[in-house]
Amino acid sequence: MTRRNPLSAVKIGRMSPLILLAYVLMACAQYDGPNSGAAAHAQENVVRNGDFEAPGGGVPTHWSLDKTLANKGGVSLVDVGGQGSGRTLKLSPNQANASGAQPLGLAQVVPAAGLSGKRLKVSAKLGAQGGAMAVVGVTILDESGGKLGKLHFSQGGNGGRLEAKEGFLEIPNAQAKHLIVFTAVAGAKGAAFIDDIVIEPIDGHGQGADNGDWGAGPASDQSNPSENLLANGGFEAGGGDLPQGWTIQKATAAKGRVAHVRSKQGVSGQALMLSPNQSNTPGGQPLGVAQVLPAAGLSGKELKVSLRLGADGGAMAVAGVTVLGQGGEKVGKLRFSQESNGGRLETKEGILRMPDAEAKHLIVFVTVAGTKGAAYFDDIVIEPVGGDDSDVVVPGPGGSLQAKINIYADEKVRDIPRSLYGTNLNWVDSGNSIFDPRTHKPNATIIDLAKDLNVSLVRFPGGTLGDYYHWRDGVGPQNARPSKPKYGKGKPDRHTVGTDEALDFAQSIGAKLLIVANMGTGTADEAAEWVRYINTDKNRQQQHVTYWEIGNELYFERKSHHLTMEPDEYASRFIDYAKAMKRVDRTIKVGAIGGENFGKYQFVHYPEWNRKVLRRVAKHVDFFAVHNAYAPLLDPHESPDGRSLYAALLAAPINVRQNLELIGSQIEEFTGNHADRIKIAITEWGPYFSPSIDSPYVDHTKTLGSALFVASMLGTFIDMPRVEIANFFKLSEHTFMGWIGPRGFTNPFNGSWIPKAPYYAFQLYTQHFGDVLVRTNTESPSYDSPAVGRVDAVRGVPYLEARASTSRDGQTLYLMVINKHFDQAMETQIRIDGFTPGPNATTHTLHGTALDANTGTELPNWVPGLKWAKQAQVKPLSRFYSRKLGEVKVSSDGVQGVGSDWTYTFPPCSVTAVELRRN
């Protein structure tokens, strides 16, 4: 995650950014003249003493060490046995260097006068040993201290052997003021070795010219981790209408026009334009151009793919890379797309993991979908990335960022409904293992965990499954119930868990049921009889079901096992269901289904579903059920780098909030006088990366990063007065979706069920948050997130997110704080109005060893023929495969010195619940 203008927005540690910059400038005063001249010469190193030959006492000449870091380890110059050219910098960290704050390292400030618009070649030698990691990089600052760009390398433990790294850094045309050249060591033991840091401007005709333009052929040296493998990826070399280095299939040439364009928004120099005609219909090969690259030497590596693309007039731009094996078979793929956006070029990037088996070719393609408009492409870059440095984000220049939280405890926003703390339970697989068919008894472990989670509302019998479920199949003696297919066809499943078992389970954990009535294959009379079976039987008076959702996702396009219907048909049938069910019990609340597409989150197939449905059902409906809060929802074969993916995931709640506000305004507009009583229900939501067993992220729903998403998303629902119901998907499961998952299983019955990280985030709200939401204002540094999966790009995502509540009696104040920064703590000033706290507080903090840390649950490996993809590890300090139970945990502590104005530091990548008693 890249912080937006960090030096101009916040204070770093205890020094303001400008004071910090002045401090470094004074420490590096030797630079003020010589480097300005050196920067103008194309092959001169702008770094002074980059080879560390001038010792300068404890710290090498021309380098500075922030004195706040001096206690984090030792700095020395050593001879590493002929690997370097003479002396080599050695950074030896200690235990104080283990936190996410600024690590031990040296810095140098280089004036950027005369470098604007140029390209710098950056090279260095790095090594590490004993568990340390060496880091070298460059950050570009503008006159106000804002960050304009960066480049960084890293090297994990390799026995201390110096390895060469190099790359190119583009200086923006905007006026750059300084380059901050830094060295650092990550870890609490071992040592990092750094030598021969060289930064030299290169001209536009040298290697690595602008826009990745390599002339007519691909780059000859594929071993260099910063070289573009692609020829003419910037489309600057002409060749007539067809750009040099690219080919077009004759069969598609008649489907439109290929041309170069200039002066499009976001275009630097020339861009490629594809203009389709009426023959570019779906189904066949679309209009496009391609380039074939040899894959020799790339097996097992990761390729970073970046490009810019846009579209207008109804067209969609599509680009990607396909990996072919020795026999021409497809062994890998990465794909990007951009729907019409006015032709604005938007940046996309991702990581393509080459298979370990020998690949023969890469097919790089750009195409256009549609029969009108145009697609635009520019700056396509494909470059191998090193095994240790591809995803490293270098820590900022201070130990912690700073934020403010203002709480107005006497300004009520709303009562928080307990029905927001709901989950989902499917009838299949013995109710997602809540029942053990061998012992004919409930699963005591799952019941205890669900009870501790304080779940309030259990949705049954499923989402899509609900529209194939006939409730009479699941009542009566279990051994007399039929076995039927989940979706009306396929392998049958016995109805072990039916209505009575679901009711008993909900009652045993202190919850109620929300039932999905079958509209897909059922009838209104069948639904009404289900209401009668539960709500009018005297034996079930304590298990009354209030909430009934009519159908599930019937607005989807028909595919797979999904059922579908037009909005007018759904509205007519909903009215029949509502009338029939309320004739049995007029106290129930019935919900219609719908949703509004946003960005790439396009799942409502029928235009104006909400308008058509809401207008017709207004006087019969009590809540409107939507499924708009799954994220990040990767496209098939999409495999972005981990930190970008999680940055987008944690930005997704902002998009969801805006969508819920839009749906709320539609309820106001389309239901007239009925609007005030019609609530919103999010009856399915949660982290959801991919349903594919081939995805390297399918099992990332269990990570600490996903837990932060859960905390942010649940907080978003709490913030919105119209949202009354929320049910996460789902409570337990043997595969990747359940928040209670399996550990140590070799068959479906012989392991343990344990919580995943999202479970703990949810539990912080149910156990350590209040009943009445009060007004809160937060000031925080922010970041800009990329568009990844179904999550649109978001600008200005606050790192720190906070909300406050009180107990019903007003004697306890609760504060829930999420620090979304992966690496840095947030020193936060907390001011409280309308509530005088006592001197002590209690904190409960969800934290972990890494962004992808988890509790060690496993995907099922006992199913014959089912092979899950190796899961991605989020660098630089992945803990995905550690499998230790303590990798993610909640720590509770007492805090002293609390008052109406106090300061607390929230650790990076954490969720913290604070409880304060009234004085």
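Two rings of Phe, Tyr or Trp count as a pair if their centres lie within 6.5 Å; planes under 30 degrees apart are stacked, those over 60 are edge-to-face, and the rest are tilted. By that rule, a search of the whole structure finds 36 aromatic pairs. The structure is a predicted model.

**Aromatic pairs**

Take Tyr570 and Phe574. Their ring centres are 6.1 Å apart and their planes meet at 35°, so the pair is tilted. Both residues sit in helix α9, which covers residues 567-584. They are four residues apart, about one turn of the helix. Both are buried.

Phe745 and Trp753 make another pair. Here the centres lie 5.5 Å apart and the planes stand at 70°, so the geometry is edge-to-face. These two residues are buried as well.

Which residues do ring pairs link into a cluster with Tyr570 and Phe574? They are Tyr555, Phe556, Phe598, Tyr601, Phe603, Tyr606 and Trp609.

**Nonpolar cores**

Nonpolar side chains tend to be buried together in soluble globular proteins. In this model, the largest nonpolar core has 169 residues. Tyr570 and Phe574 are among those with the most contacts inside it, along with Trp548, Met581, Trp685 and Phe717. Helix α11 (residues 642-671) supplies the largest share of this core, 13 residues. Another core lies apart from it, with 35 residues, including Leu287, Ala315, Ala317 and Val323.

Trp548 has a long contact list. Leaving out residues up to four places away in sequence, Trp548 touches Ile515, Trp530, Val531, Ile534, Asn535, Met581, Ile588, Lys589, Val590, Gly591 and Phe623.

**Helix α13**

Helix α13 runs over residues 757-768 and has 12 residues. Its first and last C-alpha atoms are 16 Å apart, close to the 16 Å expected at 1.5 Å a residue. Is this helix enclosed or open to the outside? Of its 12 residues, 10 are buried, so α13 is largely enclosed by the rest of the structure. Among the buried ones are Tyr759, Phe762, Gln763, Tyr765 and His768.

**Strand pairing**

Strands of a sheet pair through backbone hydrogen bonds, either parallel or antiparallel. The table lists three antiparallel pairings.

| Strand | Partner | Bridges | Citation |
|---|---|---|---|
| β5 (residues 133-141) | β8 (residues 178-186) | nine | |
| β38 (residues 800-806) | β39 | seven | |
| β39 | β44 (residues 910-918) | eight | |

β5 and β8 belong to an open sheet of four strands, in the order β3-β8-β5-β6, with antiparallel pairing. At the edges are β3 (107-111) and β6 (147-155), each pairing on one side only. The twist averages 15° from one strand to the next. Between β5 and β8, Val138 has Val181 as its bridge partner.

Strand β39 spans residues 812-819, and eight of its eight residues are buried. In a regular strand the side chains alternate between the two faces of the sheet. Both faces of β39 are covered. One side carries Thr812, Tyr814, Met816 and Ile818; the other carries Leu813, Leu815, Val817 and Asn819.

β38 and β39 form a hairpin with five residues between them. Gly810 in the turn has a positive phi of about 75°. Thr806 has Leu813 in β39 as its bridge partner. Towards β44, Tyr814 stands opposite Glu915.

Notes. Residues are numbered from 1 along each chain as its sequence is written. This is a predicted model: local features need pLDDT of at least 70, side-chain atom pairs count only at pLDDT 80 or more; totals for chains, interfaces and linings use all residues. Side-chain values use heavy atoms; hydrogens and water are left out. A nonpolar core is a set of buried Ala, Val, Leu, Ile, Met, Phe, Trp, Tyr and Cys residues joined through side-chain atoms within 4.5 Å. Buried means under 20% relative accessible area, exposed over 50%, partly exposed in between (1.4 Å probe, protein chains only). Helices (H or I, at least four residues) and strands (E, at least two) are DSSP runs, numbered from the N terminus. Contact means heavy atoms within 4.5 Å. The expected span of a helix is 1.5 Å times one less than its number of residues. Two strands pair if DSSP finds at least two bridges between them. Axes are lines fitted to C-alpha atoms, for helices over the stretch in contact, and angles run from 0 to 180 degrees between N-to-C directions. Rings of Phe, Tyr and Trp (its six-membered ring) pair if their centres lie within 6.5 Å; planes under 30 degrees apart count as stacked, over 60 as edge-to-face and the rest as tilted.
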